[in-house]
Amino acid sequence: MATTSFERRVGAAFVAATLAGAVLLGAACGGGDSGGSSATKAPASNGGAAVGKDDSAQLTGAGATFPAPLYQAWFEDYQSGVAKGVKINYQPVGSGGGIQQFTAKTVDFGASDAPMSDTEMAAAPDVQHIPTVIGADVITYNLSGISNPLKLDGATVANIYLGTLKKWNDPAIAVLNPGVNLPDKDIQVVYRSDSSGTSFVFTDFLSKVSPAWKAGPGTSKAPKWPVGQGGQGNAGVTNVVKQTPNSIGYVELNWAKENKLPFADMKNRAGKFVTPTADSSSAAAAGVAIPDDYRVSITDSPADGAYPIASFTYILAYKSIGKCSQQTPFVDMLWWELHDKSAQQTVTDLFYAPLPSSLVARVEATLKSLKCDGGATASLKGG
Amino acid sequence: MTAQTIPRSEKPARSLQNRLKPGDWLFAAVTTAAGLVVVLVIAGMFYELTNEGWDSITTNGASFAWGTGWDPSHQVFGVGAFIVGTFVTSVFALVFATVVAVLVALFLVEIAPGWLARPISYVVELLAAIPSVVYGLWGVFVMGVFIRDQLGPLIVATLGWIPFFNGAPLTTGLLSACLILTVMILPTVMAVSRDVIGAVPRSQREGILALGATRWEMIRIAVLPYARSGILGAAILGLARAVGETLAVTLVIGNSVQIPDNVFAPAYTMASVIANQFPEATALHRSALIEVALILLAITFVINVAARLLVWRVTGGQRAVVQE
């Protein structure tokens, strides 16, 4: 069937337009590359920020999923109860995404479970880490006939996850749990398949208590797990553990508490078996020397009542280049969450652990030192 | 002798012919633009993936394609284990889904009466409408338990002498992923097979029946050979879907970077590793994941093109050509 002249013309126009479009697309994509903005550029005012009255602002933040329920509750309470014009929008895209967006200055603040590494800070030199709350990872398991919480220690858990300790009734576990009837079955290991701060904290702890783990998989958000199967998110791990008899896994404390999962008492560096609670998590922070920039790992803390698998979660704020219209209400909000009784009550209601009182004064001083562009101090309250 | 033509100046100014011309060109322009957008989107995808994955392509080189180590914390990247996982689960699903789908299609076209064929056809196509995440949850809560408690022990009992089938049945693992993919691509393969088998001309069927063939002989001799390339195309379409299936597989495959040594062991697919690790990935890790995505896109593209060509050979339709 011959093509008509009409069709020939449409075809020619199509090809010409495709080539032209491809050239334009190539030029556009090649020119405007994302990331790597100059350090002196002020952060972008995120979509439709309202700069008008003093206490009216729209802020956007992005980062870790672990504190997301808490932050979202705080921001809602802050807007409805304290500063009606301040709307804070938080996107739980993950710690990595939060750091990326903070570095690219596309958000007003970031959030991360793990502190930024030196390389990451080199790309974002104006960052101030602000610890907000403390979280903990608990070891959950599926064993029939065990009514009291299991007792485990770091080396044993590391060997289980390395695959060298294979059975539940292994002497290493039995000696920690005298009188408990452990089954003669293989341990089914479960881990987080998605990259997460939870895995980072857990592997950080394992690296500290087990040289074999440190030399092998090491500390990472997505380590190479020697044995076991992965579940996606806290929910995935919980599901797999619940459905697999004789399994072991790790989840966040607040998740375990809300879903009433059984979890183990861990032996800390002081030699005590500690039940993971808000108090024992806060105690972990009290026992470690916290540097000025708060970037520290508090796993395997030497304090007496400390739970060994605990960590801070951080807000990433601009030290001096934040726009005043955004930075000031944000710092006020941080001040509020640190001091307001209802905000701290929300922390315990959602099963997070508050900062130890020794740290609160230091964080207050940090908040007062934050500046916004133009050189003004960002914090209006306190002092 | 010259044909009578109306000189342009004498043509009526507001004839029907003249009024339609702007509309025609507008229509042509709009549809051309729409087609253009589609082509540019696909080209744009390839370009962006290559661009963002360039770090990984240059750093990891060719060994990325067959290396089986994947350790982001030590900057070791290799897509081999994921390709094996994707390949094994997809081919398993392809084989089993095609067998079942062709049988169902033959039933619907050759054997079932019209009042029965239509509802069954509708129900099978409904399987394609179920969201992927629902399949994943069904796989975790229903099928996984079935494998762990019934199907798994049965397989170990009957086929356990083969090392590959001897393992501890869990709710997640290679077998779970294979079965869930089979169920998910079944409606696609069935629908296309049914159309392909229906497109076999009546003359073929009547001819062989006139020679004294039974119904099964008719199907075997007249229908299936004629529809063979079309069924193959349908199967490959199903394969394309299976290769890219992300959420349902991620929930049931166990997510372990290894080449599974038995059918119940956890494994990993290309789509799953991207879904699991991309949100937190930075630098080279992110670039490596994008390179995985590029490989996945290329594979899916090739499979789809091959499938479409095969299907069109038989059905003759679906082409953007007005039939004469």
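Q: When does a residue count as buried?
A: Buried means under 20% relative accessible area, and partly exposed runs from there up to 50%. Keep in mind that this is a predicted model. Here A:Cys372 has 2% relative accessibility, so A:Cys372 counts as buried. A:Cys324 comes out at 24%, so that one is partly exposed. Over in the other chain, B:Cys178 is buried, with a relative accessible area of 2%.

Q: How many disulfides does a search of the whole structure find?
A: You look for two cysteine sulfur atoms within 2.5 Å. Searching over all chains turns up 1 disulfide. It joins A:Cys324 to A:Cys372, with an S to S distance of 2.0 Å.

Q: Which parts of the chain does the pair link?
A: Distant ones: the two cysteines sit 48 residues apart. A:Cys324 is in helix H12 of chain A, while A:Cys372 lies in the segment after helix H14 of chain A.

Q: Why is the disulfide of A:Cys324 and A:Cys372 called right-handed?
A: Check the twist about the S-S bond: the torsion is about 85 degrees, so this disulfide is right-handed.

Q: Now for helices. At what angle do H7(B) and H9(B) cross?
A: Angles over 145 degrees count as roughly antiparallel. The axes of these two helices come within 8 Å and cross at roughly 150 degrees. That makes H7(B) roughly antiparallel to H9(B). Their crossing is right-handed.

Q: Which residues meet there?
A: From H7(B), the list includes B:Leu181, B:Met184 and B:Val192; from H9(B), it includes B:Val223, B:Gly230 and B:Arg241. By type, the residues of this contact split into 14 nonpolar, 4 polar and 1 charged.

Key. Residues numbered from 1 in each chain as written. Chains lettered and ligands numbered in written order. Predicted model: local features only at pLDDT ≥ 70, side-chain atom pairs only at ≥ 80, totals over all residues. Heavy atoms only, no water. Axes fitted to C-alpha atoms, helices over the stretch in contact; angles between N-to-C directions. Helix = DSSP H or I, 4+ residues; strand = E, 2+ residues; numbered from the N terminus. Parallel < 35°, antiparallel > 145°, perpendicular 65-115°, else oblique. Left-handed = near helix turned anticlockwise from the far one by under 90°. Contact = heavy atoms within 4.5 Å. Nonpolar A, V, L, I, M, F, W, Y, C, P; charged D, E, K, R; others polar. Buried < 20%, exposed > 50% of the residue type's maximum accessible area, 1.4 Å probe, protein only.
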